[in-house]
Amino acid sequence: MLVKKIEESAREVADLEQRQADREQQVAEAQAQPEGPQRAEQLERLRQQQQQLREEVSKLARLMQRAGADRAAEALQQAGNRMGDAEEDLSQVDPEQAQQEMQEALDNLEEAEQELEEELDEARERLADELLE
């Protein structure tokens, strides 16, 4: 049961990581556009999408905390904080700074994914030990 839950969480983190990378790419594309109402609208849409991602990451961080995956939870919390900073930068029409924050969030998501892989290995080892007893 625990192994399955960790595997699901690792897949969810990988999905969030991909979606965050997509948002970062979209911000880069928006940054290349000339300033104006169309760019502002696109940045606002991206801010809203970033907010949704941040909320999903925060929810997953709480679940990991309750499950005892503290290292993964901490990395997810840090990713959520960076996503919130990127949201703020997008609301202030600073896509360059938002991209930097988004990259930091990606780094944190990668760290969370690695921590979950370690948790998964440990859970599998514990399960194997229990079966051998």
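This passage walks through a predicted model of a protein chain, starting with the overall layout and ending with a few single residues.

Let's begin with the big picture. The protein chain has 133 residues, and 38% of them count as buried. Its secondary structure amounts to 4 helices and 0 strands, so reading from the N terminus the order is simply α-α-α-α. Along its principal axes, the C-alpha trace spans about 70 × 20 × 20 Å. The contacts say something about how the chain comes back to itself: among those with a separation of 6 or more, 74% join residues that are 24 or more positions apart.

Helix α1 covers residues 2–32. A quick check on its length works out: with 1.5 Å a residue, its 31 residues should span 45 Å, and the end C-alpha atoms are indeed 45 Å apart. The buried residues of α1 are V3, I6, S9, A10, V13, L16, E17, Q20, R23, E24, V27 and A30. These buried residues pack against α2, α3 and α4.

One residue of α1 is worth a look of its own, namely V13. Is V13 buried or exposed? Its relative accessible area is 0%, and anything under 20% counts as buried, so V13 is buried. Leaving out residues up to four places away in sequence, V13 touches L60, L76, L109, A112, E113 and L116. L60 is one of the α2 residues that meet α3, while L76 is on the α3 side of that contact. L109 and L116 belong to α4, where they meet α2. V13 also shows how sequence and space can part ways: V13 and E110 are 97 residues apart in sequence, yet their C-alpha atoms are 8.2 Å apart in space.

Next comes helix α3, residues 70–91. The same sort of length check applies here: at 1.5 Å a residue, the 22 residues should span 32 Å, and the end C-alpha atoms are 31 Å apart, which agrees. Which residues of α3 are buried? They are A72, A73, A75, L76, A79, G80, M83, A86, E87, D89 and L90. The helices they pack against are α1, α2 (37–67) and α4 (95–132).

How do the helices sit relative to each other? Two packed helices are described by the angle between their axes and by the distance between those axes. For α2 and α3, the angle is about 165° and the axes are 8 Å apart. Angles over 145 degrees count as roughly antiparallel, so α2 and α3 are roughly antiparallel to each other. The crossing of α2 past α3 is left-handed. On the α2 side, the contact is made by L43, L46, R47, Q50, Q51, L53, R54, V57, L60, A61, M64 and Q65. On the α3 side, D70, A73, L76, Q77, A79, G80, M83, G84, A86, E87, L90 and S91 take part. Sorted by class, this contact of α2 with α3 holds 13 nonpolar, 7 polar and 4 charged residues.

The pair α2 and α4 has its own geometry. Their axes come within 13 Å and cross at roughly 25°. Angles under 35 degrees count as roughly parallel, which means that α2 is roughly parallel to α4. This crossing, too, is left-handed. From α2, the residues R39, L43, Q50, V57 and M64 meet P95, M102, L109 and L116 of α4. The residues of this contact of α2 with α4 divide into 7 nonpolar, 1 polar and 1 charged.

R39, which lies in helix α2, deserves a closer look. With a relative accessibility of 9%, below the 20% cut-off, R39 counts as buried. Setting aside its neighbours within four places in sequence, R39 is in contact with A30, Q31, Q33, P34 and P95. A30 is among the buried residues of α1, and P95 is one of the α4 residues that meet α2.

Finally, there is a small oddity between the helices. V93 lies in the loop between α3 and α4. Most residues other than glycine have a negative phi. V93, however, has a positive phi near 55° and is not a glycine. At 46% relative accessibility V93 falls between the 20% and 50% cut-offs, so V93 counts as partly exposed.

Notes. Residues are numbered from 1 along each chain as its sequence is written. This is a predicted model: local features need pLDDT of at least 70, side-chain atom pairs count only at pLDDT 80 or more; totals for chains, interfaces and linings use all residues. Side-chain values use heavy atoms; hydrogens and water are left out. Helices (H or I, at least four residues) and strands (E, at least two) are DSSP runs, numbered from the N terminus. The expected span of a helix is 1.5 Å times one less than its number of residues. Buried means under 20% relative accessible area, exposed over 50%, partly exposed in between (1.4 Å probe, protein chains only). Contact means heavy atoms within 4.5 Å. Axes are lines fitted to C-alpha atoms, for helices over the stretch in contact, and angles run from 0 to 180 degrees between N-to-C directions. Angles under 35 degrees count as roughly parallel, over 145 as roughly antiparallel, 65 to 115 as roughly perpendicular and the rest as oblique. A crossing is left-handed if the near helix is turned anticlockwise from the far one by less than a right angle, and right-handed if clockwise. Ala, Val, Leu, Ile, Met, Phe, Trp, Tyr, Cys and Pro count as nonpolar, Asp, Glu, Lys and Arg as charged, and the others, Gly among them, as polar.
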